[in-house]
Structures are given as C-alpha cells and as structure tokens.
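Let's take a walk through this model, starting with the overall layout and then zooming in on a few spots. Keep the viewer open as you read.

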Amino acid sequence: MVTEKMIKIIGQDFIWDKLKLVKSKNKVSNAYLFYGPDGTGKEAMSIKFSALLNCLNKNLAPCGKCSSCLKIKTFQHPNISLIVPLPKEKTINKNDNPNKALTNKTLESIINSFKEKIKNPYLELKIPKANTILINSIRDIRKKVYMKSFEEGYKCVLIFEAEKLMGSQQESANALLKILEDTPSNSTFILCTQYPNKLSNTIKSRCQSIYFPPLKEDDIHTFISKNYSFLDENSKIISSLSNGSLKLVNKIIMNDFVKIQKLILKFVADITSNFDTRKNLIIQLSKDYKFDTEKVKLNLNLLSFWFRDCFYVARNNNISNLIFSSLVNELNVFILKYPKADYTSIIKLIDNSIDYLNKNIQTNLVFLNLIIEINKKLNKKENE
Ligand SMILES: [Zn+2]
C-alpha cells in the first residue's frame, strides 16, 4: 500500500480509485457533485483530489512534499479556492470581495478553521450564522477562474454545503450556473452537499455526481484504534454509535464520550431513581436537547445498548457478544434487581422516542413518557 503523505481518507477507496483514473486519463470533468450523508469524507476527498490535480510529482497520490502540496497544506495555493456559506455582518456592494461582509474577528476565525480543516478534513467548519453562499463569493470566483493562471495544474473551486447556494432568489445558484455553462479548461468545480435534493436540477445536470455512502463500521473501528488509545470495547461502541459518520466520531470523542461506562451507569441510575432525580433528568435532557440534539440522541442510543446487554445477560447469561463487556458485574446486579423486566419493549420504546424527537414532537413530553414507561417495563413499583 502506498503511504499517503497528505490527507488521509477513511474508506471510500473505490471513489479515490475512480478519481485517480480520471486524472491519469486526463478526463477531469468541469464540475463534480460529491453527495451523501455527513461525515463520509466528501470535503476531505475534494481537498485531496485538488491536491492530486496540482501535485508537481505526477504520482498516483499527492506527494505532500512538492511546493504545490506544501501550499495546499498551509491553505495558500492560488489554484485552490474554497467557497463556504458566510454570515452577512456588514452591508457590501455588488462587486465587493465577500470578506468585506465580515468583521475582522470572524474573518480571522474562518481562516484559522480553514487551516485546521486542511489538517483534519473531517472537522466541521463552524461559522456562526452562515446561512447562505453569498453572491459576492461567486462573483469573486468568476474573476479568479477566468484570470490567466501563473501556476501549473488545475484551478479547483471547492464549494462546501453547496445546498446553501439556493438562498434568497437563488442568485448565487444562477451566477454559478453561468460559470458552469462556460467553465474554462483546466478548472474544475467540486460541490459538496449532504442535501442534493435542495440543489436545482439545472445545477445538478452540469455536474458529474459521485455518491459517498456511510463509512463501514469496520473502517471506523480501525481508524479509532489507530488514532486513539481507547479500550477496544470503547472503539467498538463509538463505531456502532457513529452511523458511518466520521464527523460524529470526532464529536463523540470531543464530548468525552470516552468515559462511556461511567456515563451509562449514571444515566441508568438516574432513570431508575426517585421522583426528584427523574424530574431533574427530564428537565436536563430537554435543556441539553436544545443545544446539542446529536449528543442527547447518542445518550439514548447508549441506553438502548445497555438494555440490549441486559436482555442477553438475563436470557442466557451469554456474555460473549456484550457491548459493555467490562460492565458485566453491574449488568448482573441490574438484572437481578428487575427479574420481571421486559427488555425488548424497553429497546423498542427508546427507538420510538428517538423517532419522535426526529419528528420534533414536544421533547419534554417525549423524555417524560420514556422515563415513566421504562420504569413500568422494568416492572417496578412506583414507590421503589
Ligand atoms: Zn506534491
């Protein structure tokens, strides 16, 4: 295997192979649409493909050492432009550079997050209130792509969260469409989105579409084992929670989910505790849900894993395929406490609750109902 000198992509080998072939056959398209769920490597792949198209050592992978690769690593390559949704903090004129719409502080933080993104392409760019791709960003690109190039290689325009081209009156989308209808040679546009349906058909018809499927659990497990020194049990739990998204993996790890065992024991204890603790838990979950929907759902998924393990231990004491194999003692204590528990119904209950949350049904009611029903299904008496 060739060691990758820059931008490590997890999984998606067949897409990378396809893009390498495109390059070696000199059949680079004017525009690509990389679409698929979040955290599957669309943006990472767009950066890597741009690096490949511009690498001065004409290898099958960007070398990471030539002046072109080095410029990409520091996010200073004149051939590579990145378009992202931006907030409109200041009023600007028609021909102004889009950066003029930003305060200095925002601009600085965006440049820093771009540099971080090149280092870890699976990081989420966090730009507050960035709801649309500004028309000025497209006008600015227009100038750049038609200008004579002083560098060898391909001019690559990467557009992240491309669905946000479709903002007010779709003026950005229309402006882009005009460029796509007459793209100069030696330039390519790569639109990345997890919501391809939000893009107009006219734009999509100009692009060659490439689907990025969710990553395989095995690929994610290997990635975590290589990069972090977690217990194998935890790498497996994180992989199963990740839904095939490396962004979610990053988030789980940054959220201290590595203390999974502690977290789940506390969660289970609170749910089965006295009235006041349960009441506080419902308030807390509703509050957390407003700020970090994903995190609360992860907690519920963990809870579902816990009861799945209870089911196995209670049924046949089969501990070979437990998720929380390090908590086998705690699991045994738990199931002895609730000999009449109906674990299958509890797992179904949790799944339904996640469904309700997705449908934006009043969250505090969802949590209230979930906690009451879990206690019922554990076959507890109310005063316990
Ligand atoms: Zn290179």
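What follows goes from the whole chain to its core, then to some loop residues, and ends with a pair of helices.

First off, this is a predicted model, so treat every number below as computed from predicted coordinates. The chain has 16 helices and five strands. Along the principal axes, its C-alpha atoms fill a box of roughly 80 × 50 × 35 Å. Of the 384 residues, 35% are buried. If you take the contacts between residues at least 6 apart in sequence, 73% of them join residues at least 24 apart.

The domain assignment splits things into domain 1 (2–211) and domain 2 (255–377). Taken over C-alpha atoms, the centres of domain 1 and domain 2 are separated by 41 Å.

Now for the core. The largest nonpolar core holds 91 residues, and the members touching the most other members are Phe34, Leu158, Ile159, Ile190, Leu191 and Trp306. Helix 13 (residues 293–316) gives the largest share, with nine residues. Both domain 1 and domain 2 contribute residues, so this core lies between them. As background, nonpolar side chains in soluble globular proteins tend to be buried together.

Pick out phenylalanine 34 to see some of this up close. Setting aside residues up to four places away in sequence, phenylalanine 34 touches Lys42, Met45, Ser46, Ile190, Leu191, Cys192, Ile210 and Phe212. Leu191 will turn up again in the next two stops.

One of those stops is cysteine 207, in the loop between helix 7 (201–205) and strand 5 (208–211). Is cysteine 207 buried or exposed? It has 21 other C-beta atoms within 10 Å, so cysteine 207 is buried. Beyond four places in sequence, cysteine 207 is in contact with Ala31, Tyr32, Leu33 and Leu191. Cysteine 207 and leucine 33 are 174 residues apart in sequence, yet their C-alpha atoms are 5.6 Å apart in space.

The other stop is alanine 162, which sits in the loop between strand 3 (155–159) and helix 6 (171–180). Alanine 162 counts as buried because it has 31 C-beta neighbours inside 10 Å. Outside the four places on either side in sequence, alanine 162 touches Leu191, Cys192, Thr193 and Leu199. By contrast with those contacts, lysine 129 is 33 residues from alanine 162 in sequence and 16 Å away in space, C-alpha to C-alpha.

While you're in that loop, check the backbone of glutamate 161, which is also found between strand 3 and helix 6. Most residues other than glycine have a negative phi. Glutamate 161 is not a glycine, but its phi is positive, at about 50°. Glutamate 161 is buried too, with 21 other C-beta atoms within 10 Å. Asparagine 243 is another non-glycine with a positive phi, about 60°. You'll find asparagine 243 in the loop between helix 9 (232–241) and helix 10 (246–254), and its 20 C-beta neighbours inside 10 Å make it count as buried.

Finally, head to helix 15 (residues 343–358) and helix 16 (residues 363–377), which pack at an angle of about 180° with their axes 10 Å apart. Angles over 145 degrees count as roughly antiparallel, and helix 15 and helix 16 are therefore roughly antiparallel to each other. Helix 15 makes the contact with Ser345, Ile346, Leu349, Ile350, Ser353, Tyr356 and Leu357, while helix 16 uses Thr363, Val366, Leu370, Glu373, Ile374 and Lys377. By type, the residues of this contact are eight nonpolar, three polar and two charged.

Definitions and conventions: Residues are numbered from 1 along each chain as its sequence is written. This is a predicted model: local features need pLDDT of at least 70, side-chain atom pairs count only at pLDDT 80 or more; totals for chains, interfaces and linings use all residues. Axes are lines fitted to C-alpha atoms, for helices over the stretch in contact, and angles run from 0 to 180 degrees between N-to-C directions. Helices (H or I, at least four residues) and strands (E, at least two) are DSSP runs, numbered from the N terminus. Angles under 35 degrees count as roughly parallel, over 145 as roughly antiparallel, 65 to 115 as roughly perpendicular and the rest as oblique. Two residues are in contact if their C-beta atoms, placed from the backbone, lie within 7 Å. Ala, Val, Leu, Ile, Met, Phe, Trp, Tyr, Cys and Pro count as nonpolar, Asp, Glu, Lys and Arg as charged, and the others, Gly among them, as polar. A residue is buried if 20 or more other C-beta atoms lie within 10 Å of its own, exposed if 12 or fewer, and partly exposed in between; C-beta atoms are placed from the backbone. A nonpolar core is a set of buried Ala, Val, Leu, Ile, Met, Phe, Trp, Tyr and Cys residues joined through C-beta atoms within 7 Å. Domain bounds come from an automatic or database domain assignment.
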